[in-house]
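Please open the model in your viewer and keep the selection panel at hand, as this tour moves from the whole chain to particular side chains.

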Amino acid sequence: MKRICLILLVLMAIVPTASAQVTEPSQAPRLEFVMQLQVTLGETYTVGETPHGKRIVIPITGGTFEGPQLKGTILNGGADYQIASADGSRTELEAIYSIRTDDGSYIHVRNRGLIVNGQDEQGRPSFYFKAAPQFEAPAGSRYAWLNNALYVCQPDWSQGFKGIVLNVWRVL
């Protein structure tokens, strides 16, 4: 047994340790603006503390959306379902709703995201809010392209709109 341990130690000393070499990617993903949603919201209510955290529900009551290739309304009846950490510093969200284009196509939306309140390296307050919507558009429709890509969105608080404004980009 001593001989095996000695051989292993010698081999470890002789064989150089492998380190992963990271090569800078030749091309980073690009983003293409898809739409801006102006979502109207109902009265927020709280289920309370659950085994997963504090459950918050924000009804989606309507709104509009517009982008270079589509335009329409947000339908009443969806909601943003959130789970907040006990200290309120982290919230996971899942908004589920439907939109209708001006030409009558219905599109289902499921938007999952993360909100984090924290501090940056200098101790200043920081705020992170990003989400990744998924679209289910009718196959074979002029909106079928929504089914075949990944998307990211973030809020835009600079608008004079009562509700939430979300800008959506397609990852290319």
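Bear in mind throughout that this is a predicted model. Begin with the whole chain in cartoon representation, where the secondary structure comes to one helix and 10 strands, and where the order of elements from the N terminus on is α-β-β-β-β-β-β-β-β-β-β. If you switch to a surface view, the accessible surface comes to about 11,500 Å², with 55% of that area belonging to carbon and sulfur atoms. Of the 172 residues in the protein, buried residues make up 31%. Among the contacts between residues at least 6 apart in sequence, 45% join residues at least 24 apart.

**The nonpolar core**

Select Leu37 and Leu146 next, since among the 27 residues of the largest nonpolar core these two touch the most other members. At least two residues of this core are supplied by each of S1, strand S3 (53-66), strand S6 (90-101), strand S7 (106-119), strand S8 (125-136), strand S9 (151-155) and S10. Which residues surround Leu37 once its neighbours within four places in sequence are left aside? Showing the side chains in contact with Leu37 brings up Thr64, Phe65, Ile74, Tyr97, Ile99, Ile164, Val165, Leu166 and Val168.

Now move to Ile60, which is found in strand S3. Is Ile60 buried or exposed? Its relative accessibility is 4%, and Ile60 therefore counts as buried, the cut-off being under 20%. Not counting residues up to four places away in sequence, Ile60 touches Val39, Thr40, Leu41, Ile74, Leu75, Asn76, Gly77, Gly78, Ala79, Asp80, Ala95 and Tyr97. To follow one of these contacts, draw a C-alpha to C-alpha distance from Ile60 to Ala95, which gives 8.6 Å in space for two residues that are 35 residues apart in sequence.

**Aromatic pairs**

A pair of aromatic rings is described by the distance of the centres and the angle of the planes. The count for this model comes to three aromatic pairs, and two of them are visited here. Select Phe33 and Trp169, whose rings form an edge-to-face pair with 6.3 Å centre to centre and 70° between the planes. This pair links distant parts of the chain, with Phe33 in strand S1 (residues 31-41) and Trp169 in strand S10 (residues 164-171), 136 residues apart. Phe33 is partly exposed, with a relative accessible area of 35%, and Trp169 also counts as partly exposed, at 21% relative accessibility.

Go on to Phe127 and Phe129, where the ring centres are 6.4 Å apart and the planes lie at 80°, so that this pair too is edge-to-face. How does the exposure of the two partners stand? Phe127 counts as partly exposed at 47% relative accessibility, whereas Phe129 is buried, with a relative accessible area of 11%. With this region still in view, add Tyr128 and Lys130 to the selection: Lys130 lies over the face of Tyr128, at 5.0 Å from the ring centre.

**Salt bridges**

Side chains of opposite charge can pair when their charged atoms come close. The structure holds six salt bridges, and the tour stops at some of them, starting with Glu94 and Arg110, whose closest N and O atoms are 2.6 Å apart. Glu94 lies in strand S6 and Arg110 in strand S7, so this pair ties together parts that are 16 residues apart in sequence. Keep Glu94 selected and add Arg112, because the side chains of Glu94 and Arg112 meet in a salt bridge of 3.1 Å, N to O, and this pair ties together parts of strands S6 and S7 that are 18 residues apart in sequence. Glu94 is partly exposed at 23% relative accessibility, as are Arg110 at 27% and Arg112 at 43%.

Finish with Arg142 and Asp103, whose side chains meet in a salt bridge of 3.2 Å, N to O. This pair links Arg142 in the loop between S8 and S9 with Asp103 in the loop between S6 and S7, 39 residues apart. Arg142 is exposed, with a relative accessible area of 57%, whereas Asp103 is partly exposed, at 44%. As a last view, select Glu94, Arg110 and Arg112 together, which salt bridges with shared partners join into one network.

Methods
Residues numbered from 1 in each chain as written. Heavy atoms only, no water. Phe/Tyr/Trp six-rings, centres within 6.5 Å; stacked < 30°, edge-to-face > 60°. Helix = DSSP H or I, 4+ residues; strand = E, 2+ residues; numbered from the N terminus. Buried < 20%, exposed > 50% of the residue type's maximum accessible area, 1.4 Å probe, protein only. Lys NZ or Arg CZ within 6 Å of the ring centre and 35° of its normal. Core = buried A, V, L, I, M, F, W, Y, C linked by side-chain atoms within 4.5 Å. Contact = heavy atoms within 4.5 Å. Salt bridge = Lys/Arg side-chain N within 4 Å of Asp/Glu carboxyl O. Areas by Shrake-Rupley, 256 points an atom, 1.4 Å probe, with all protein chains shown as cover.
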